[in-house]
Structures are given as structure tokens and as C-alpha cells.
Amino acid sequence: DETAEELQRLKAEILKDLHRTSDELLVGFLAKINDGSLAQARREASERLLLNFAKHRPEVGYCQGLNFVAAVLLRVLSNEHEAFVVLCGLMSRLPEEMFSQES
């Protein structure tokens, strides 16, 4: 079972990359006409999506760059549950050698 410390480390790793995810990637052209609240909501949804995926697949955890995948999935699907299912499907098709726990 994961400890609170492990969960905080995982969240910090995810947030580090999420801050690098552009508003344009999160919401498309709406980034230019929105006050930023939609991008912030998508960023928070991305955090939940990535955290849930990392807990669901602890052998993979969080991999750098998944923030971009999550942003696109949420933008296209607009539903966290569907995005989670698709992310799990995508990741299950990749060879295990692609995942590295090294920083």
C-alpha cells in the first residue's frame, strides 16, 4: 500500500510536468478567448487522470511526457473516465522496456 509520502512525491512529479503543459494544448483556440479558468480546470483534470493512472499501474507510475498525452485525451474526449480508459489502453500496448523509473 502506498504511503502519504509516496503519494506526495508522485503528485510533485506530475505537477512539475503539468506546469509545462501549455494552455493551447489543454484547450486549443479557447485559450485565447478564455480567462484561463478552462485551462486550469483541464490541468486539474490532467493531474487527477495521471495520478489515478499511476496508482492503477504502479509498475509504470508516471512517465515524463504523459502530461501531453493526458492533455490531448482530455481535450478530445472531454471526459475524465473515457480519457482514463483510453490512456490505460494506449499504455498497455507499449512494451514494458519503454518505462523507466529513473529520474
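This passage goes through helix packing, salt bridges and a surface patch in a predicted model.

Helix α6, spanning residues 80-92, is a good place to start, since two packing pairs involve this helix. One partner is α5, made up of residues 66-77. The axes of α5 and α6 run 9 Å apart, and the angle between the two helices comes to about 135°. That angle falls short of the cut-off for roughly antiparallel, which is over 145 degrees, so α5 and α6 are classed as oblique to each other. The handedness of the crossing between α5 and α6 is right-handed.

The other partner is α4, which covers residues 37-56. Here the axes of α4 and α6 are 10 Å apart, with a packing angle of about 45°. Roughly parallel would call for an angle under 35 degrees, so α4 and α6 also end up as oblique. As α4 passes α6, the crossing is right-handed.

Side chains link α4 and α6 as well. E80 pairs with R48 in a salt bridge, and the closest N and O atoms sit 2.6 Å from each other. Because E80 belongs to α6 and R48 to α4, this pair ties together parts of the chain that are 32 residues apart in sequence. Neither residue is tucked away under the cut-off for buried, which is under 20% relative accessible area. E80 has a relative accessible area of 32%, so E80 is partly exposed, and R48, at 39%, is partly exposed too.

The E80 pair is part of a broader set, as the structure holds six salt bridges. Another of them joins D23 to R43, with 3.1 Å between the closest N and O atoms. D23 sits in helix α2 (residues 23-27) and R43 in α4, so this contact ties together parts that lie 20 residues apart in sequence. The two ends of the bridge differ in how much they are covered. D23 shows 30% relative accessibility and therefore counts as partly exposed, whereas R43 has a relative accessible area of 13% and is therefore buried.

A further salt bridge is formed by the side chains of R57 and E59, at 2.4 Å from N to O. Once again a buried residue meets a partly exposed one. R57 counts as buried because its relative accessibility is 16%, while E59 reaches 49% and so counts as partly exposed; the exposed class begins over 50%.

Back in α4, A39 is another residue of interest. With a relative accessibility of 3%, A39 counts as buried. The C-alpha atom of A39 is separated by 20 Å from that of Q64, a residue 25 positions away along the chain.

Finally, the surface carries a nonpolar patch formed by V69, V86 and L90. Together these three residues offer about 200 Å² of accessible area. V69 is found in α5, the helix that packs against α6. At 31% relative accessibility, V69 counts as partly exposed. Patch members need over 30% relative accessible area, so the value of 31% for V69 clears that cut-off.

Methods
Residues are numbered from 1 along each chain as its sequence is written. This is a predicted model: local features need pLDDT of at least 70, side-chain atom pairs count only at pLDDT 80 or more; totals for chains, interfaces and linings use all residues. Side-chain values use heavy atoms; hydrogens and water are left out. Patches are made of residues with over 30% relative accessible area and no salt bridge: like charges are joined within 9 Å, nonpolar side chains (Val, Leu, Ile, Met, Phe, Trp, Tyr) within 5 Å. Accessible areas come from the Shrake-Rupley method with a 1.4 Å probe; for residues, only the protein chains shown count as cover. A salt bridge is a side-chain nitrogen of Lys or Arg within 4 Å of a carboxyl oxygen of Asp or Glu. Helices (H or I, at least four residues) and strands (E, at least two) are DSSP runs, numbered from the N terminus. Buried means under 20% relative accessible area, exposed over 50%, partly exposed in between (1.4 Å probe, protein chains only). Axes are lines fitted to C-alpha atoms, for helices over the stretch in contact, and angles run from 0 to 180 degrees between N-to-C directions. Angles under 35 degrees count as roughly parallel, over 145 as roughly antiparallel, 65 to 115 as roughly perpendicular and the rest as oblique. A crossing is left-handed if the near helix is turned anticlockwise from the far one by less than a right angle, and right-handed if clockwise.
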